[in-house]
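Visitor: I'd like to learn how to read the places where parts of a protein meet. Could you walk me through it?

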Protein chains: 4
Amino acid sequence: MTGQLRAAVIGAGYWGPNLARNFRTSPDWDLVAVCDVDRDRAVRVVGPRSTVDVMVSTHELLARDDVDAVAIATPARTHAPIALAALDAGKHVLVEKPVADDGGLARSMVARAAEVDRVLMVDHTFCYTPAVLKIRELIADGALGDIHFVDSVRINLGLVQADVDVFWDLAPHDLSILDFILPGGLRPTGVAAQGADPLGAGQSCVGYLSLPLPGGAIAHVHVNWLSPTKIRQMVVGGSKRTLVWDDLSPQQRLTVYDRGVDLGGATGLATGPEKTAANVSYRLGDAWAPALPEKEALGAMVAEFAASIREGRAPRTDGAAGLRVLDVLEASSRSLADGGRLVDAYPGVALETVA
Amino acid sequence: MTGQLRAAVIGAGYWGPNLARNFRTSPDWDLVAVCDVDRDRAVRVVGPRSTVDVMVSTHELLARDDVDAVAIATPARTHAPIALAALDAGKHVLVEKPVADDGGLARSMVARAAEVDRVLMVDHTFCYTPAVLKIRELIADGALGDIHFVDSVRINLGLVQADVDVFWDLAPHDLSILDFILPGGLRPTGVAAQGADPLGAGQSCVGYLSLPLPGGAIAHVHVNWLSPTKIRQMVVGGSKRTLVWDDLSPQQRLTVYDRGVDLGGATGLATGPEKTAANVSYRLGDAWAPALPEKEALGAMVAEFAASIREGRAPRTDGAAGLRVLDVLEASSRSLADGGRLVDAYPGVALETVA
Amino acid sequence: MTGQLRAAVIGAGYWGPNLARNFRTSPDWDLVAVCDVDRDRAVRVVGPRSTVDVMVSTHELLARDDVDAVAIATPARTHAPIALAALDAGKHVLVEKPVADDGGLARSMVARAAEVDRVLMVDHTFCYTPAVLKIRELIADGALGDIHFVDSVRINLGLVQADVDVFWDLAPHDLSILDFILPGGLRPTGVAAQGADPLGAGQSCVGYLSLPLPGGAIAHVHVNWLSPTKIRQMVVGGSKRTLVWDDLSPQQRLTVYDRGVDLGGATGLATGPEKTAANVSYRLGDAWAPALPEKEALGAMVAEFAASIREGRAPRTDGAAGLRVLDVLEASSRSLADGGRLVDAYPGVALETVA
Amino acid sequence: MTGQLRAAVIGAGYWGPNLARNFRTSPDWDLVAVCDVDRDRAVRVVGPRSTVDVMVSTHELLARDDVDAVAIATPARTHAPIALAALDAGKHVLVEKPVADDGGLARSMVARAAEVDRVLMVDHTFCYTPAVLKIRELIADGALGDIHFVDSVRINLGLVQADVDVFWDLAPHDLSILDFILPGGLRPTGVAAQGADPLGAGQSCVGYLSLPLPGGAIAHVHVNWLSPTKIRQMVVGGSKRTLVWDDLSPQQRLTVYDRGVDLGGATGLATGPEKTAANVSYRLGDAWAPALPEKEALGAMVAEFAASIREGRAPRTDGAAGLRVLDVLEASSRSLADGGRLVDAYPGVALETVA
């Protein structure tokens with residue numbers, strides 16, 4: 001395939017304009033149309049003195065021959081029907097997170113894309129930031145050693161929403177990042193969720209998610225709509241080094257610390273509680289802040305969408321990745337309903353079918 | 001009682017030297033002796049050209065007539081026997097946190113102090129910092145409104161210990177602060193704990209504690225020995241305002257934000273999920289950083305110990321406060337052993353007997 | 001005048017694209033054309049699927065009837081000829097800072113605009129940021145009291161340039177802000193500049209500017225192209241309160257401190273050096289961070305340009321403001337050439353003719 | 001010499017207690033006495049249950065046989081007479097900064113110490129902090145390359161004083177650090193000072209000091225008593241790397257940036273202004289934060305005092321270092337009195353006699 005691919009954006013609400021802007025300025029793409037049931041919103045996204053089409057009917061849009069791919073930025077409950085229709089119409093599909101609002105529907109989407117041989121990609125935007133790409137690289141290269149813990153905090157004054165709780169609104173970001181950086185993807189041995197609704201909003205506005213990982217490690221996610229300050233911080237602790245990602249730091253987003261605790265195993269004689277303290281040693285080494293390029297994540301994301309189409313391969317954040325994130329979200333809802341009990345993330349689903 | 005009170009410090013390990021220094025420089029106290037089974041450690045605490053006595057026998061120390069009070073800074077498992085002996089010898093007692101390593105023993109200590117009419121105080125040091133005193137005052141004055149959530153993070157590269165896990169080592173700080181600032185003290189409706197031991201140290205090195213509070217609120221504590229960076233931050237979210245305490249900020253420890261989310265209740269007509277989003281409003285007001293005096297907490301703590309003895313009253317952080325903290329610690333151990341299930345904090349104990 | 005005003009941007013280099021984007025999305029403006037001698041650069045600014053004209057000839061652009069105003073974002077030495085031609089063609093003119101590279105030419109521009117009754121505005125962008133607007137308001141309302149000192153730091157790894165030194169490149173920002181916030185505008189009693197060229201670049205890469213102000217106050221500007229970290233900070237010290245503006249802080253850009261030093265004058269008896277220390281008192285009050293709206297400065301700037309045209313009035317940052325900034329820049333060059341001696345900012349120019 | 005050296009501290013005001021505490025806890029020293037004309041102040045420094053002597057007469061103190069060295073922490077104008085008397089009495093002398101309030105007297109002190117073969121050390125405390133020791137090491141090892149600029153900021157709400165201006169109060173810290181870290185010590189080619197007294201305090205409360213260095217480099221010092229926030233930051237820019245020292249950062253005091261601007265010189269053809277821009281290149285590499293030990297500077301300082309006495313050598317911050325700092329202070333006063341003109345730092349003094 002040569003020349004630019006032709007894209008349309010469906011949904012001109014909160015996120016659609018960002019997608020439209022990036023398709024528009026990408027050398028890989030020609031933005032052909034923006035579609036929204038609210039015509040005025042779509043007009044505002046297209047802007048003045050533009051020949052990009054404005055449409056109100058998804059049906060008509062999908063019938064066009066001059067559109068290779070659609071990006072779906074509509075409410076989560078509409079993802080599956082629109083995506084399935086688009087795949088059936090032969091379009092490649094990029095869909096906002098979460099991939100769907102139901103695991104069964106998401107599995108249908110993944111299956112349909114495979115059947116029609118079209119790309120199904122999930123817009124896990126953070127996976128295309130220079131910081132997350134660097135974190136993935138550092139972990140893959142062994143710079144951190146074995147992962148001991150991941151602590152992720154994503155809190156700010158957020159829009160309390162009518163139809164999703166804070167877990168479904170914010171945690172997909174953290175979970176998609178975990179899925180992207182952990183070797184083998186996100187595969188917790190269980191999910192435990194604690195939430196609170198102090199406002200009486202009808203759903204959790206404050207949430208804590210514990211995800212035990214194989215080998216005694218743990219991931220934990222704190223999401224909160226009620227915090228007056230915005231914090232986006234992730235600590236990834238490893239056996240060799242530990243990394244802190246402060247996404248809002250203007251000067252130093254990523255810091256790798258050569259500090260940690262080691263349990264020596266040499267002597268082999270001591271037993272019982274005394275063993276531990278005797279064999280502990282500390283490293284208090286230097287810190288290191290890798291330089292990160294200044295690149296907009298959405299630009300890299302639409303480039304990856306184009307490349308996966310051109311090369312006939314799965315994109316980095318494919319439907320299966322979206323499914324792993326969705327499974328954990330659904331498990332967190334089950335745990336929440338059961339007093340925070342640790343539940344299986346993938347009940348009755350063999351993991352290989354997820355990947 | 002006129003003149004200075006006469007104190008002795010028992011235990012010259014990690015914390016004892018700090019207590020000794022503060023008794024020494026306090027106008028309320030005369031430091032008479034420092035006692036440790038390791039004579040050299042005690043000598044180092046006393047320092048050169050000093051006439052403060054060095055002792056190795058607690059028994060001999062408690063037999064002295066010229067000692068009004070003892071401060072116990074020994075391992076937690078020895079707190080109860082030493083404190084009970086000291087109370088029996090007629091001494092007032094200050095004991096390090098946690099008050100004991102067992103709830104039954106701690107109850108004995110509280111009961112004995114009442115019987116012999118001596119002060120039993122727990123060194124919840126943070127409760128005497130200017131920041132925590134201010135937070136307590138702001139909450140008591142209604143500046144924050146109803147408390148919606150408290151999120152506390154206390155992480156750093158800590159000493160992995162042989163006999164206590166990270167909950168018992170670090171969480172007493174957070175719990176004692178919660179007990180001090182929450183109206184009515186720390187009375188969670190349940191306790192859920194998640195821990196991880198990625199090092200294979202034999203106990204949790206990373207811990208998360210969820211404490212649902214009456215009225216839909218929640219407190220959460222994150223303690224961690226494996227973090228290369230030190231964070232001590234507490235966010236207290238209220239219905240009117242929200243407070244952030246960053247204990248390590250050199251410039252601005254306490255910030256009160258006039259920001260938040262309100263659920264309007266005026267219309268009364270809407271029902272179901274739509275209600276929520278329709279009635280949400282946001283305040284994005286100014287922030288305010290109250291000036292805090294520069295005072296060492298331990299100085300204020302030993303002053304309160306003296307004042308409570310002189311005035312024959314309970315100190316601010318008395319044995320009952322220590323007991324409430326201990327009960328939550330014991331509950332967290334039970335939850336941890338049961339896969340993080342939400343457990344009662346005070347099983348079989350009527351709350352009024354705790355207070 | 002009704003409907004949108006019609007604008008063209010001249011210069012598609014570093015800053016032109018930002019201007020074009022803001023004219024394009026402003027409800028006040030219709031962006032008609034982008035003009036650059038390098039046609040490809042202009043094409044890139046206009047983007048795909050657009051009907052905005054691309055032009056290469058300023059001459060042809062100025063001859064068009066359907067252009068009400070031009071924004072000039074070309075190198076400083078070309079500002080005057082283009083602006084004068086545009087004014088002669090009846091266009092309103094917005095020009096990048098500095099208004100010109102020569103005071104005489106700038107005076108001609110101001111005079112010509114008055115003759116032809118067209119608006120001449122200088123793009124002092126920072127004066128339209130929410131932070132600077134708030135600072136101006138606080139000073140005007142007397143919240144800071146009399147201004148005692150202003151310390152401005154603007155350092156980062158900057159583009160070492162062939163034709164301007166660091167003073168001419170960066171200090172116009174600081175000087176335009178000073179002109180905007182100080183009651184009566186920027187009117188230093190002298191200018192002293194110290195610079196350094198440690199690279200041997202042929203001009204100063206590090207610069208310090210001292211501007212004594214009437215009444216014993218001082219403003220100071222530190223500009224630096226060689227700093228690996230980016231700092232944009234201004235401290236405005238007043239007799240009542242002091243303000244710190246940290247433009248890169250993600251959380252708290254503006255803080256007003258109710259702290260300071262007061263010289264009491266009550267006793268009236270003491271004389272000589274002893275007087276001072278005896279009568280000094282300190283305020284250590286609270287800090288306060290006013291909420292700032294999230295608005296893009298350039299959007300507010302193009303709105304002000306439109307409003308000044310419609311209302312037939314001088315814009316907030318008019319040619320005279322640009323001239324006051326330019327006069328200080330020229331004085332700093334004279335001081336630099338004379339070993340940092342304090343020189344007059346407005347030699348031979350009565351101040352009233354500047355305003 | 002074996003065993004501990006015997007010290008006395010003269011002056012129990014602001015700084016004396018810190019010196020006394022460090023002599024007391026140092027294994028090298030035995031603190032014999034504290035001397036102050038105000039007996040109560042000295043008693044408070046010694047504290048209760050202590051056998052350290054309290055004295056009010058310097059004369060009697062200097063007559064004692066059991067004192068090897070004195071530390072002088074009295075007002076600057078008394079440094080010279082006390083130090084000269086102490087040297088004449090055969091004592092080694094440590095003196096607070098500035099070494100004296102007059103260059104001639106300081107030269108006498110240096111000369112007398114040489115004559116009587118006793119150590120004269122200046123308490124340039126910052127030179128013994130782990131951060132400054134590391135900076136000196138990095139520069140000496142060539143890690144930064146040639147030094148291009150040093151920018152030092154030391155501002156806070158300070159005690160406006162009756163007898164010294166802000167330069168004499170705060171700049172000795174910056175100048176002593178510059179003297180310690182710059183290869184060859186502090187030897188500016190000139191000194192230019194700008195000050196302001198907006199309070200009418202009778203002397204500068206805000207000060208800026210420019211110190212051109214050989215080779216086109218510059219050092220600049222900003223000292224300020226009127227700032228509500230405390231900043232202690234030094235940027236050391238080099239041809240290879242640049243270092244930022246933020247002394248108040250709780251997490252990362254020292255950062256070394258592998259970023260900078262290079263002027264290529266290879267082609268050799270271009271001339272004139274075009275040359276510069278064409279040959280500029282940028283490095284945007286990683287940052288690195290060396291681990292620093294947690295050590296109290298004063299402890300290291302009194303250890304160096306002892307070591308220099310025992311080894312019969314000049315201490316790291318000897319009288320000559322104090323003299324170089326004093327010469328720049330005196331030059332800054334001359335520049336200030338002359339409208340900020342660049343003046344010689346060492347008029348009529350051959351530099352070799354200073355070193």
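Visitor: How many residues of domain 1 of chain A are in contact with domain 2 of chain A?

Guide: Contact here means heavy atoms within 4.5 Å. By that rule, 16 residues of domain 1 of chain A touch 14 residues of domain 2 of chain A. Keep in mind that this is a predicted model, where local features need pLDDT of at least 70, side-chain atom pairs count only at pLDDT 80 or more, and totals for chains, interfaces and linings use all residues. Residues are numbered from 1 along each chain as its sequence is written, chains are lettered from A and ligands numbered from 1 in the order in which they are written, and side-chain values use heavy atoms, with hydrogens and water left out.

Visitor: Where do the two domains of chain A run?

Guide: Bounds like these come from an automatic or database domain assignment. For chain A, domain 1 is 5–125 + 297–318 and domain 2 is 127–295 + 328–337. Their C-alpha centres lie 30 Å apart.

Visitor: What area is buried between domain 1 and domain 2 of chain A?

Guide: The size of an interface is often given as the accessible area lost when the parts come together. Buried area is the accessible area (1.4 Å probe) that two parts lose on being put together, summed over both. Between these two domains of chain A that comes to about 1,200 Å², with carbon and sulfur atoms giving 59%. On the domain 1 side, Lys97(A), His124(A) and Arg316(A) supply 42% of the area buried against domain 2, more than any other three residues.

Visitor: And how many salt bridges and polar contacts go across?

Guide: A salt bridge needs a side-chain nitrogen of Lys or Arg within 4 Å of a carboxyl oxygen of Asp or Glu, and the rule finds 0 between the domains of chain A. A polar contact is a pair of N or O atoms within 3.5 Å; within protein, one must be able to donate a hydrogen and the other to accept it, and residues adjacent in sequence count only if both atoms are side-chain atoms. There are 7 residue pairs in polar contact between the domains of chain A, both at pLDDT 80 or more. Helix H9 of chain A (residues 297–311) gives the most to the domain 1 side, with 4 residues. Helices are DSSP runs (H or I, at least four residues), numbered from the N terminus.

Visitor: Let's go to chains B and D. How many residues does each bring to the contact?

Guide: Chain B brings 14 residues and chain D brings 14 residues. The area buried between chain B and chain D is about 1,200 Å², and carbon and sulfur atoms give 41% of that. Arg49(B), Thr51(B) and Gln251(B) supply 51% of what chain B buries there, more than any other three residues.

Visitor: How many salt bridges does the rule find there?

Guide: Across the interface of chain B and chain D, 2. One of them joins the side chains of Arg49(D) and Asp30(B), at 2.8 Å, N to O. The polar contact count for chain B and chain D is 10 residue pairs.

Visitor: What turn lays chain B on chain D?

Guide: Copies are superposed by least squares on the C-alpha atoms of residues with pLDDT of at least 70 in both. A turn of 180 degrees and a shift of 0.0 Å along the axis lay chain B on chain D, with an RMSD of 0.0 Å. That's the relation of a two-fold axis. Ser50(B) comes closest to the rotation axis among the residues of chain B, at 2.2 Å (C-alpha). The same surface serves both copies, as 100% of the contact residues of chain B recur in chain D.

How values were computed. Helix = DSSP H or I, 4+ residues; strand = E, 2+ residues; numbered from the N terminus.
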